[in-house]
Amino acid sequence: MHPVLKLVVQRIALGLLLLLAVSAVIFLGVEALPGDTAQAILGQSATPLALENLREKMGLNEPALTRYFHWLGGVLTGDLGTSLTNGTDIAQAIGQRLGNTLFLAGCAAVISVPLALILGIIAARYAGRWPDKVISGLTLATISLPEFVAAYFVIYLLTQVFPIFQPVAMVFPGMGFWSKLHAVALPVIVLVLVVLAHMMRMTRAAILNVMQSAYIETAELKGLRPIQIIWRHAFPNAIAPIVSVVVLNMAYLVVGVVVVEVVFGYNALGQYLVDHVTKRDLPVVQAVGLVFAGVYIGLNILADVIAIVANPRLRHPK
Amino acid sequence: MRIPVSALFGLVLTGVFLFTAIFAQWIAPYPIDAAVGGVWEGPSARFWLGTDTIGRDILSRLIYGGQITIFVALASSLLSFGLGSFFGFLAATRGGWTDQILSRVVDLMMAIPALIVALVMLSVLPLNLTVLILVMGVLDSTRVFRLARAVAMDIAVMDYVEAAKLRGEKQRWVIFREILPNALSPLVAEFGVRFIFAVLFISTLSFLGLGIQPPLADWGGMVKENKDGLIYGKGAALMPAAAIALLAISVNLVADWVLTRTSSLKGGRGG
């Protein structure tokens with residue numbers, strides 16, 4: 001087997017194993033915490049009989065391990081159980097909302113990645129001079145803000161000072177693509193701000209790192225223009241760290257959307273998760289938590305695989 | 001020793017924040033939970049920053065909110081430091097199976113975003129200060145663990161550690177008397193970063209309604225309470241948001257300075 005293929009297969013297998021372990025943590029770890037699910041649902045004033053009935057109904061009297069494998073079997077066949085609070089099918093509810101979440105995160109990714117790369121390249125080209133200082137200064141200010149703080153500044157600026165957008169992001173089925181895009185403009189701007197800084201700084205650092213190599217000096221002596229040096233020589237060699245930091249930030253978007261969805265009242269997976277944490281609806285929380293963890297781990301595997309494939313030393317073994 | 005302007009700015013602001021947090025009871029002009037004015041009053045001589053959604057003085061709530069935010073964040077970052085550096089040093093000095101088990105557990109905890117883990121845990125646990133501090137401290141200790149382990153690995157191969165081991169010192173001596181004093185400076189620089197992370201974490205949880213519960217208020221919870229005002233053009237929700245941002249930026253400035261100072265010290269020794 002080709003060594004690259006072997007590494008990739010190994011990485012994916014390790015990722016799947018990790019996902020399995022995470023599912024066990026999400027299910028069994030919660031069991032190990034103090035706190036009684038039946039009590040949490042019925043409240044402190046519940047009678048012992050009612051508690052016993054509910055435990056029986058939910059199968060809480062069986063050993064935790066049996067229930068875990070039962071749950072895992074359900075997850076693998078697409079059956080995530082039903083919600084405790086309103087009895088709806090969880091898999092269906094997730095299916096309806098996952099699209100909205102992916103649309104939001106996708107829009108943010110499509111805008112933030114090229115923007116971060118361009119800004120990073122400009123900052124590296126003019127390293128130490130004013131374009132670099134302006135870009136680095138602005139991104140440094142956004143890097144220390146949590147999503148919801150950034151969100152409220154953006155809301156205030158773009159709905160009050162310059163009234164361009166609506167402060168709530170409502171999307172519903174049957175909405176046209178463009179009106180949907182207009183509706184999510186504000187949350188997308190917030191998400192772009194949150195992930196932009198890190199990607200831009202890494203792009204700049206990765207390119208500047210490569211710029212110290214001997215072949216860059218050769219290119220300079222050959223008389224290439226600085227932007228050509230960056231584009232033809234530095235960028236291709238800096239691509240592996242850049243791609244992995246980009247994908248890691250896409251994984252970070254997964255967490256960012258949870259908060260941003262709540263800020264804008266956007267009906268999607270993050271809002272669904274937070275609502276059901278408040279209601280202490282454990283099956284929903286576990287299922288949605290597993291979905292988020294799965295996407296996060298998946299993107300992390302992707303980052304590693306791209307780093308492996310992009311490494312010329314591994315691609316062309318001696 | 002010259003302190004750069006940005007670090008001085010950060011130091012002074014951090015100091016002001018800490019001072020108001022400690023002496024909140026004496027500084028705040030009004031009690032935390034008393035409706036003392038009209039709803040959504042603008043800034044005036046009586047209420048410097050105006051009043052909130054049910055007529056409470058925003059400045060007073062901001063001061064008390066800072067006390068809770070900073071206290072919770074400080075407690076959980078101290079916990080994460082204690083746990084993380086102890087287990088990190090243990091993994092580095094023991095090696096072998098201890099290291100393997102600890103490191104794999106940490107890998108597993110870091111495989112999912114901390115916010116998601118916290119949400120799953122908080123759906124079962126009762127919501128109170130102790131639980132919040134414990135959850136945040138344990139989740140964040142993973143990052144300290146990795147740093148402490150890496151730093152201690154470097155120190156553990158030094159001659160003086162070897163010498164201590166050869167003269168038959170116990171593990172406790174090696175960890176506390178040999179490794180800890182030498183690992184302190186990178187860990188202290190990291191502390192600022194962890195503290196800010198805890199501030200942002202507790203603010204986010206409270207904003208989602210899963211952190212500090214009313215009638216207590218912290219900055220994240222205040223943003224949540226006043227968010228409707230923003231649609232009517234009231235800036236009340238921006239005040240606590242600005243406080244979070246300002247605290248984050250000023251501590252970051254200090255941490256950056258400590259970090260560059262400690263690393264330039266190392267450079268000066270020719271290492």
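**Figure 1. R280(A) sits in the loop between α12 (269–278) and α13 (282–310) of chain A.** This is a predicted model, and every view below comes from it. What is the phi of R280(A)? About 55°, so a positive value, although R280(A) is not a glycine. For context, most residues other than glycine have a negative phi. Is R280(A) buried or exposed? R280(A) counts as buried because 20 other C-beta atoms lie within 10 Å, and the cut-off for being buried is 20 or more.

**Figure 2. Chain B on its own is built from helices, eleven of them, with zero strands.** Walk along the sequence and the pattern reads α-α-α-α-α-α-α-α-α-α-α. The C-alpha trace of chain B covers about 75 × 50 × 30 Å along its principal axes. Chain B has 271 residues, and 45% of them count as buried. How much of the contact map is long in sequence? Take the contacts in chain B with a separation of 6 or more: 67% of them pair residues 24 or more positions apart.

**Figure 3. Chain B meets chain A through 35 of its residues, which are in contact with 39 residues of chain A.** On the chain B side, four helices each bring at least two residues to the surface that touches chain A: α5 (114–122), α8 (171–207), α10 (227–231) and α11 (238–268). Which of these gives the largest share? That would be α11(B), with seven residues. As for chemistry, the chain B side has 28 nonpolar residues and seven polar ones, but no charged residues.

**Figure 4. The largest nonpolar core holds 144 residues, with Y152(A) and V199(B) having the most contacts inside it.** Helix α11 (residues 226–264) of chain A provides the largest share of this core, 19 residues. As a bit of background, nonpolar side chains tend to be buried together in soluble globular proteins.

**Figure 5. Zooming in on V199(B) shows which residues it touches beyond those up to four places away in sequence.** V199(B) has T69(B) and A73(B) as partners, and it also touches I244(B), L247(B) and A248(B). V199(B) is itself one of the two residues with the most contacts inside the 144-residue core.

**Figure 6. A separate core of 16 residues lies apart from the largest one.** Which residues belong here? Among them are A91(B), A148(B), V151(B) and A152(B).

How values were computed:
Residues are numbered from 1 along each chain as its sequence is written. Chains are lettered from A and ligands numbered from 1 in the order in which they are written. This is a predicted model: local features need pLDDT of at least 70, side-chain atom pairs count only at pLDDT 80 or more; totals for chains, interfaces and linings use all residues. Two residues are in contact if their C-beta atoms, placed from the backbone, lie within 7 Å. Ala, Val, Leu, Ile, Met, Phe, Trp, Tyr, Cys and Pro count as nonpolar, Asp, Glu, Lys and Arg as charged, and the others, Gly among them, as polar. A residue is buried if 20 or more other C-beta atoms lie within 10 Å of its own, exposed if 12 or fewer, and partly exposed in between; C-beta atoms are placed from the backbone. A nonpolar core is a set of buried Ala, Val, Leu, Ile, Met, Phe, Trp, Tyr and Cys residues joined through C-beta atoms within 7 Å.
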